[in-house]
Amino acid sequence: MNYNINKGIGRTVEFKGLKAQYLFIFAGGLLGTLILVMILYMAGVNSYICLFLGAGGASLIIWQTFSLNRKYGEHGLMKIAGNKRHPRYIICRKPVHRYLKFTPKQNAV
């Protein structure tokens, strides 16, 4: 099979509809699920439980990644993360007369 990953210079990476940071979330989630299943299997957990957890975890990651991609778009997660860093409102606890008070500068000689 031959998959085209990048379709142009200057465009973002896209694979099967997933764009930009969602590819990393997708790959990291599947890798984490694989490692978890391998650890559980080596620890002696029943193989059917390992298969169920692996298939369930992988399908959950696939479903959530594609839904995030569809909901927020290419730069949506970065916009949400940036929006959380800005304060919702500015708190001013000083009385107003403190801002209006004029104090002349001292002449330094």
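I count two residues as in contact when heavy atoms of theirs lie within 4.5 Å. I also keep in mind throughout that the model is predicted.

**Entry 1, Asn69.** With that meaning of contact I looked up Asn69, and, leaving aside its neighbours within four places in sequence, I found Asn69 in contact with Gly17, Leu18, Lys19 and Tyr22. I placed Asn69 in helix α2, and I noted a relative accessible area of 11% for this residue, which falls under the 20% cut-off, so I entered Asn69 as buried.

**Entry 2, the record.** I turned to UniProt, where an unreviewed entry places the feature "transmembrane region" at residues 21–42 and 48–69. I then checked what the chain does over each of these ranges. Over residues 21–42 I read 100% helix and 0% strand, with the end C-alpha atoms 32 Å apart. Over residues 48–69 I again read 100% helix and 0% strand, and there the end C-alpha atoms are 31 Å apart. Asn69, which I had entered above as buried, is the residue at which the range 48–69 in the UniProt entry ends.

**Entry 3, aromatic rings.** How many aromatic pairs does the count come to? I found one aromatic pair. Phe26 and Phe66 form this pair, with 6.3 Å centre to centre and 75° between the planes, and I recorded the arrangement as edge-to-face because the angle is over 60 degrees. The pair links distant parts of the chain, since Phe26 belongs to helix α1 (residues 21–43) and Phe66 to helix α2 (residues 47–72), with their positions 40 residues apart. Are the two rings' residues buried or exposed? Phe26, at 19% relative accessibility, counts as buried, whereas Phe66, with a relative accessible area of 26%, is partly exposed.

**Entry 4, Ile25.** I next looked at Ile25, which has its place in helix α1 and is partly exposed, with a relative accessible area of 36%. Leaving aside neighbours within four places in sequence, I found Ile25 in contact with Thr65 and Leu77. I also looked up the separation of the C-alpha atoms of Ile25 and Ile62, and although these residues are 37 residues apart along the chain, I read 9.6 Å between the two atoms.

**Entry 5, surface.** Finally I looked for nonpolar surface, and I noted a patch of about 760 Å² that is made by Leu31, Leu34, Ile35, Met38, Ile39, Tyr41 and Met42. Of these residues I looked up Leu31, which is found in helix α1.

Terms used:
Residues are numbered from 1 along each chain as its sequence is written. This is a predicted model: local features need pLDDT of at least 70, side-chain atom pairs count only at pLDDT 80 or more; totals for chains, interfaces and linings use all residues. Side-chain values use heavy atoms; hydrogens and water are left out. UniProt positions are given in the numbering used here, feature names are shortened, and annotations may be inferred rather than shown by experiment. Helices (H or I, at least four residues) and strands (E, at least two) are DSSP runs, numbered from the N terminus. Rings of Phe, Tyr and Trp (its six-membered ring) pair if their centres lie within 6.5 Å; planes under 30 degrees apart count as stacked, over 60 as edge-to-face and the rest as tilted. Buried means under 20% relative accessible area, exposed over 50%, partly exposed in between (1.4 Å probe, protein chains only). Patches are made of residues with over 30% relative accessible area and no salt bridge: like charges are joined within 9 Å, nonpolar side chains (Val, Leu, Ile, Met, Phe, Trp, Tyr) within 5 Å. Accessible areas come from the Shrake-Rupley method with a 1.4 Å probe; for residues, only the protein chains shown count as cover. A salt bridge is a side-chain nitrogen of Lys or Arg within 4 Å of a carboxyl oxygen of Asp or Glu.
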